[in-house]
Amino acid sequence: MIIIEPSILSADFNRLGDQAREAEAAGVKAIQIDVMDGRFVPNITFGPGVVQALRTVVQMKLDVHLMIVEPERYMEAFAHAGADRLIVHQETCPHLHRTLQSIRDLGVEAGVTINPGTPVSAIAEVFDLVDLIQVMTVNPGFGGQAFLHSQLTKIREIAELLSRQERQVPIAVDGGIDATTAPLVVEAGATVLIAGSSVYNATASVKENVTSILASIESTA
Ligand code: DX5
């Protein structure tokens with residue numbers, strides 16, 4: 001089953017709770033909260049307080065993408081704020097194996113993600129410790145960027161590795177996902193599609209945008 005997971009990075013910050021509720025009402029099962037510290041990425045966004053606020057207005061899964069240095073310093077705060085999954089960047093975790101174990105010890109799901117310049121080999125030793133593997137299909141920091149087609153090979157490589165290891169870890173993709181690129185990443189092996197600007201925009205509602213992305217996948221299946 002293909003999951004469209006809206007990123008609230010492109011939501012209207014003047015009414016974040018309403019936008020989260022709109023996604024839940026549209027049948028969305030999870031939203032991704034892009035946490036940025038202005039150091040790992042050139043942008044600053046949300047802290048645990050925003051997760052806590054969203055936790056009070058929606059029941060769906062809150063997936064927290066930590067684009068921050070030293071994520072181990074804040075994992076507990078985000079978990080206690082109500083995060084259901086914490087996704088860390090391999091590039092920010094010198095002790096990635098231990099960090100992922102620590103996330104699971106907090107009672108939440110653990111995810112790992114890699115930037116476009118990072119090879120799959122950098123995370124191949126921790127596939128047994130994660131509930132999600134996320135391939136960045138843009139350089140992190142901003143929504144609305146162009147999809148990097150070069151990352152399709154990486155998605156296929158991860159899918160093949162997981163298949164050889166007989167592991168059922170979902171592969172997520174994040175960045176530039178829309179009705180045009182969604183079929184490409186699904187064909188490569190992704191099943192969780194993080195989508196910000198193609199879901200939250202002035203063109204159509206969340207429900208209409210999610211429906212059109214899913215329809216694009218159906219029409220090319
Ligand atoms: C990158 C962010 C974005 C966001 C999705 O820093 O992680 O990828 O989630 O943005 P869009 O879908 O607008 O590319």
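**Figure 1. Polar contacts of the ligand with Asp174, Gly196 and Ser197.** In this predicted model, an oxygen atom of the ligand lies 2.7 Å from an N or O atom in the side chain of Asp174. The side chain of Ser197 likewise places an N or O atom 2.5 Å from an oxygen atom of the ligand. At Gly196, a backbone N or O atom is 2.8 Å from an oxygen atom of the ligand. The ligand taken alone exposes 370 Å², and the protein buries 100% of that area.

**Figure 2. The pocket and the shell around the ligand.** The ligand sits in the largest pocket. Two elements, β2 (30-36) and β3 (61-67), give two or more residues to the shell around the ligand. This shell holds 20 residues, of which Gly141, Gly144, Asp174, Gly196 and Ser197 come nearest to the ligand. Sorted by class, the shell has eight nonpolar residues, 10 polar residues and two charged residues.

**Figure 3. The aromatic pair of Phe13 and Phe46.** A search of the whole structure finds one aromatic pair. Its members are Phe13 and Phe46, whose rings are 5.3 Å apart from centre to centre, with 70° between the planes. An angle over 60 degrees counts as edge-to-face, and the pair of Phe13 and Phe46 is therefore edge-to-face.

**Figure 4. The places of Phe13 and Phe46 along the chain.** Phe13 belongs to the loop between β1 (3-6) and α1 (16-25). Phe46 belongs to the loop between β2 and α2 (48-55). The two residues are 33 residues apart, and their pair links distant parts of the chain.

Note on methods
Residues numbered from 1 in each chain as written. Predicted model: local features only at pLDDT ≥ 70, side-chain atom pairs only at ≥ 80, totals over all residues. Heavy atoms only, no water. Near = heavy atom within 4 Å. Polar contact = N/O pair within 3.5 Å; in protein donor to acceptor, adjacent residues only side chain to side chain. Areas by Shrake-Rupley, 256 points an atom, 1.4 Å probe, with all protein chains shown as cover. 1 Å grid on protein atoms, 1.4 Å probe; cavity = no way out; pocket = protein on both sides within 12 Å on 5 of 7 lines; lining within 4 Å. Sits in = over half its atoms within 2 Å of the grid points. Helix = DSSP H or I, 4+ residues; strand = E, 2+ residues; numbered from the N terminus. Nonpolar A, V, L, I, M, F, W, Y, C, P; charged D, E, K, R; others polar. Phe/Tyr/Trp six-rings, centres within 6.5 Å; stacked < 30°, edge-to-face > 60°.
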